[in-house]
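Student: I've just opened this one and don't know where to look. Can you walk me through it?

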Amino acid sequence: MLKIKCIVVEDEPLAMERTTNYINKIPVLSFLNGFDNAMDAYSYLQTNQVDLIFLDINLGEVSGIQLLESAKINAHIIITTAYPDYALKSYDLNVTDYLLKPFLFERFLQAVDKVVQQLNTKYESLTKDFIFVKTEKRLEKIQLNEILFIEGMRDYRKIHCHSKKIMTLQTFSELEKEIPPAIICRVHKSWMVSINQITSVEKDSIKIKETEIPISDSYKKKFLELIGI
């Protein structure tokens, strides 16, 4: 059974108690800890795996929004606040849901369900080892470990595999939705590469076998994070 590890960042004791009680009613959630300020929560995140954060906005010296803007947070975020002012801003920061206090358990459950669905989808994509690609005449199954890299050629994408090359009209965006980035990631507006097939990486390029592939600035940071640099 999926277990979602969560923390609560909330400076109002009664709100902290209510949110914790709600968490304990949902079997899929596992409550780890509660914090009354953003900096203690940030320190905890550096050494603990957390899947979901219930985050208040008004937290004193450092707000919840400032925490999201200034720190790299890998967990899903559900905002819990009495103020609607930051709703649009929060979605720019990839917040899963925005709960206005006082919220009922039913509304809380709806927000949690969004996280459950997203995590289930992520898990399914990570365990998937193949894709179906649209060619002119058929849907062709490709094992992900067969792909070397994918090259953009005007309206087409050319998928270079160990034993064949496949042309498709599917866009890079469509392919990115199908393929986990930890396996094959975008490194340029016209290129995706298989992480396991990389021979070497230089300042602005990747080599796979005899092919040199450019890395653009807009994709470089994410790529280096994926390969652990």
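Tutor: Start with a charge and a ring, and keep in mind that this is a predicted model. The charged end of Arg18 sits over the ring of Phe103. It lies 4.8 Å from the ring centre.

Student: What about Arg157, which ring does its charged end sit over?

Tutor: That of Phe172, at 5.7 Å from the centre.

Student: Back to Phe103. Which residues do ring pairs link into a cluster with it?

Tutor: Tyr22, Phe54, Phe105 and Phe108.

Student: And how many aromatic pairs does the count come to?

Tutor: The count is 9. Take Tyr22 and Phe105, which form an edge-to-face pair. Their centres are 5.4 Å apart, with 65° between the planes.

Student: Why does that pair tie together parts far apart in sequence, 83 residues?

Tutor: Because Tyr22 lies in helix H1 (residues 13-24), while Phe105 belongs to helix H5 (residues 105-127).

Student: Is Tyr22 buried or exposed?

Tutor: Buried, because its relative accessible area of 12% is under the 20% cut-off. Phe105 has 21% relative accessibility, so it counts as partly exposed.

Student: Got another pair? How is the one between Phe35 and Tyr44 arranged?

Tutor: That pair is tilted. The centres sit 5.1 Å apart and the planes make 50°. Phe35 counts as buried at 12% relative accessibility. Tyr44 is buried too, at 16%.

Student: New topic. How many residues are in the largest nonpolar core?

Tutor: It has 21. Those with the most contacts inside it are Ile7, Val9, Val50, Ile53, Leu55, Ile77 and Ile79.

Student: Which elements give two or more residues to this core?

Tutor: Three strands and two helices do. The strands are S1 (4-9), S3 (52-55) and S4 (76-81). The helices are H2 (38-47) and H3 (64-70).

Student: Where does the largest share come from?

Tutor: From H2, which gives 4 residues.

Student: Pick one core residue, then. What does Ile77 touch?

Tutor: Leaving out residues up to four places away in sequence, Ile77 touches Leu52, Ile53, Leu55, Leu68, Val95, Thr96 and Asp97.

Student: What lies apart from that core?

Tutor: Another core, of 20 residues. Among them are Tyr22, Ile26, Ala111 and Val112.

Student: Tyr22 again! So where have we met it?

Tutor: Tyr22 is in that separate core. Tyr22 also pairs edge-to-face with Phe105, and ring pairs link Tyr22 into the cluster with Phe54, Phe103, Phe105 and Phe108.

Methods
Residues are numbered from 1 along each chain as its sequence is written. This is a predicted model: local features need pLDDT of at least 70, side-chain atom pairs count only at pLDDT 80 or more; totals for chains, interfaces and linings use all residues. Side-chain values use heavy atoms; hydrogens and water are left out. A nonpolar core is a set of buried Ala, Val, Leu, Ile, Met, Phe, Trp, Tyr and Cys residues joined through side-chain atoms within 4.5 Å. Buried means under 20% relative accessible area, exposed over 50%, partly exposed in between (1.4 Å probe, protein chains only). Contact means heavy atoms within 4.5 Å. Rings of Phe, Tyr and Trp (its six-membered ring) pair if their centres lie within 6.5 Å; planes under 30 degrees apart count as stacked, over 60 as edge-to-face and the rest as tilted. A charge sits over a ring if NZ of Lys or CZ of Arg is within 6 Å of the ring centre and within 35 degrees of the ring normal.
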